[in-house]
Amino acid sequence: MGARPNLPKAAPVIRALDTAGMARTIVHTGQHYDDAMSASLIRALGMPEPDVNLGVGSGSHAQQTAAVLTAIEPVLIERSPALVVVYGDVNSTLAAALAAAKLGIPVAHVEAGLRSHDPAMPEEINRRLVDHLSTLRLVTSPDAWENLRTEGLADDGSIDVGNPMIDSLVHMQRDQDLDRRRADLLALLGIEADYLLATIHRPSNVDDLQQAGAVLRLLETLGARLPVVLPLHPRSQRTLGSAQTLPGVHVIEPLAYPDFLAMLAGARVVLTDSGGVQEETSFLGIPCVTVRSTTERPVTITLGTNRLSTLDDASAEIDAVLAAPRPDPAVIPLWDGRAGERIAAALTGWLDRRAAHD
Ligand code: UD1
């Protein structure tokens with residue numbers, strides 16, 4: 001694991017593997033290194049500390065991917081695992097999968113088969129390559145199957161397991177007083193009424209000055225309508241930091257994971273370009289407007305509470321949401337808080353069968 005969204009996916013899997021008594025090594029690549037982006041989540045999720053931290057940090061895509069490739073290879077050689085498990089679609093995922101595959105170590109990919117069909121997204125390149133490098137593809141969303149079929153990957157190596165991100169959400173709902181956390185945060189921000197929660201960090205929305213300008217104009221329009229809370233990803237600081245001067249817009253540091261879920265669960269509407277937030281809002285039944293032209297998670301539109309929008313149309317989309325009755329939480333097959341157990345069972349089952357075969 002390496003970047004923020006990997007952690008809530010990995011936590012339930014590690015917990016289930018530990019319950020099963022499986023020997024394992026946790027490698028953190030260090031792609032994300034700020035406390036708020038990594039260590040704070042590890043604490044909140046009750047995860048064991050990583051056994052190894054590669055400390056790769058930031059860089060261009062090539063630098064970051066190459067740094068993980070180079071740093072993880074000796075760890076894989078030294079520890080000689082029977083299987084390497086990777087999560088999601090970040091640069092760390094691709095690098096770890098590639099290093100393992102080249103050493104002849106089988107790879108299991110959690111979140112297989114998601115496709116945005118947008119080749120300009122770095123994550124799309126990572127996803128495709130990782131699925132083709134993997135021996136086991138653990139499918140978290142029913143709509144992944146069509147993509148796997150198209151790419152000739154809908155075989156015995158692909159297994160339905162459900163969404164481990166939802167396990168972590170359910171775990172936090174059980175373990176933490178989210179209502180209390182939300183009340184404390186809203187009191188701190190001086191917000192008494194309905195609010196919009198926004199998360200924006202995709203390169204396509206924040207790296208380009210013109211696009212970021214359109215995001216700022218949208219936030220200004222929305223801030224005049226209802227309070228906007230924007231926990232700012234480090235990537236967005238340079239171009240969206242000035243949003244803090246906009247009336248009605250509260251720019252804050254990235255939130256601790258349980259605080260973020262608390263704010264998500266209480267939001268009237270969510271504006272995002274994240275992948276995981278589309279899933280979490282659908283599960284919670286919170287309307288979500290995703291400012292992207294594609295999504296690798298279409299099930300959040302067909303069965304969930306999500307809709308795609310351009311930046312120009314987002315204000316009208318949000319008006320439509322505010323005028324409509326609140327949606328019901330989505331019921332998506334196997335998004336039930338037990339994906340970690342199914343993933344651990346798939347991994348141990350595969351290892352047992354291989355041992356019997358050898
Ligand atoms: C990465 C993932 C993306 C995921 C996102 C979630 C890739 C290609 N992208 O994007 O899929 O949705 O994480 O957060 O892997 N930075 C810090 N502190 C940190 C981490 C990053 O200040 O702890 C800054 C760095 O200056 C860096 C920038 O944020 O240049 C972007 O970080 P990077 O790891 O390149 O990608 P993300 O945009 O976070």
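These legends walk through several close-up views of a predicted model.

**View 1. Six strands line up in an open sheet.**
Welcome to the six-stranded sheet, where the strand order is 9-8-7-10-11-12 and the pairing is parallel. Strand 9 (249-252) and strand 12 (306-308) take the edges. Each of these two has a single partner strand, so one of its sides is left without a neighbour in the sheet. From one strand to the next, the twist averages 20°.

**View 2. Strand 7 sits between strand 8 and strand 10 in the sheet order.**
Here we move in on strand 7 (residues 196-199) and its partners. Strand 7 runs parallel to strand 8 (residues 228-231), and two bridges join them. Four bridges link strand 7 to strand 10 (residues 269-272), again in parallel. Leucine 197 can be found opposite valine 229 of strand 8, and its bridge partner in strand 10 is valine 270. For alanine 198, the bridge partner in strand 10 is leucine 271. Are the residues of strand 7 buried or exposed? Leu196 and Ala198 on one side are buried, and so are Leu197 and Thr199 on the other, leaving both faces of the strand covered.

**View 3. Two helices lie across the six-stranded sheet.**
Helix 10 (residues 209-223) lies across strand 7, strand 8, strand 9 and strand 10. Its direction is at about 145° to strand 8. Helix 13 (residues 276-284) lies across strand 7, strand 10, strand 11 and strand 12. Relative to strand 10, helix 13 runs at about 165°.

**View 4. Leucine 197 is among the residues with the most contacts inside the largest nonpolar core.**
This core has 57 residues, and Met47, Leu197 and Leu347 make the most contacts inside it. Which helix gives the most to this core? Helix 1 (residues 6-19) does, with seven residues. The core draws at least three residues from each of domain 1 (4-163 + 335-357) and domain 2 (177-323). Around leucine 197 itself, leaving aside residues up to four places away in sequence, the residues touched include Val229, Pro231, Phe260, Met263 and Leu264. Ala267, Val269, Val270 and Leu271 are also among the residues that leucine 197 touches. A second, separate core has 27 residues, including Leu222, Leu230, Val249 and Val291. As background, nonpolar side chains in soluble globular proteins tend to be buried together.

**View 5. Four strands form another open sheet.**
The order in this sheet is 3-4-5-6, with parallel pairing. Strand 3 (84-87) and strand 6 (158-160) stand at the edges. Because each has a single partner strand, one side of each is left without a neighbour in the sheet. The twist averages 20° from one strand to the next. Looking inside the sheet, three bridges connect strand 4 and strand 5 (residues 136-139) in the parallel sense. Histidine 109 has arginine 137 of strand 5 as its bridge partner.

**View 6. Helix 4 and helix 5 lie across strands of the four-stranded sheet.**
Helix 4 (residues 91-102) lies across strand 3 and strand 4, and runs at about 160° to strand 3. Helix 5 lies across strand 3, strand 4 and strand 5. Its direction is at about 140° to strand 4.

**View 7. A buried arginine meets a buried glutamate in a salt bridge.**
Arginine 297 and glutamate 111 form a salt bridge, with their closest N and O atoms 3.0 Å apart. Where do these two residues lie? Arginine 297 is in the loop between strand 11 (288-290) and helix 14 (299-302), while glutamate 111 is in the loop between strand 4 (107-110) and helix 5 (122-133), so the pair ties together parts that are 186 residues apart in sequence. Arginine 297 has a relative accessibility of 4% and counts as buried. Glutamate 111 is buried too, with a relative accessible area of 4%.

**View 8. Two further salt bridges involve partly exposed or exposed residues.**
The whole structure holds 26 salt bridges. In one of them, aspartate 35 and arginine 43 meet through their side chains at 3.0 Å, N to O. Aspartate 35 is partly exposed at 42% relative accessibility, whereas arginine 43 is exposed, with a relative accessible area of 53%. Another salt bridge brings together the side chains of arginine 342 and aspartate 336 (2.8 Å, N to O). Both partners are partly exposed: arginine 342 has a relative accessible area of 24%, and aspartate 336 has one of 39%.

Key:
Residues are numbered from 1 along each chain as its sequence is written. This is a predicted model: local features need pLDDT of at least 70, side-chain atom pairs count only at pLDDT 80 or more; totals for chains, interfaces and linings use all residues. Side-chain values use heavy atoms; hydrogens and water are left out. A salt bridge is a side-chain nitrogen of Lys or Arg within 4 Å of a carboxyl oxygen of Asp or Glu. Buried means under 20% relative accessible area, exposed over 50%, partly exposed in between (1.4 Å probe, protein chains only). A nonpolar core is a set of buried Ala, Val, Leu, Ile, Met, Phe, Trp, Tyr and Cys residues joined through side-chain atoms within 4.5 Å. Domain bounds come from an automatic or database domain assignment. Contact means heavy atoms within 4.5 Å. Two strands pair if DSSP finds at least two bridges between them. Axes are lines fitted to C-alpha atoms, for helices over the stretch in contact, and angles run from 0 to 180 degrees between N-to-C directions.
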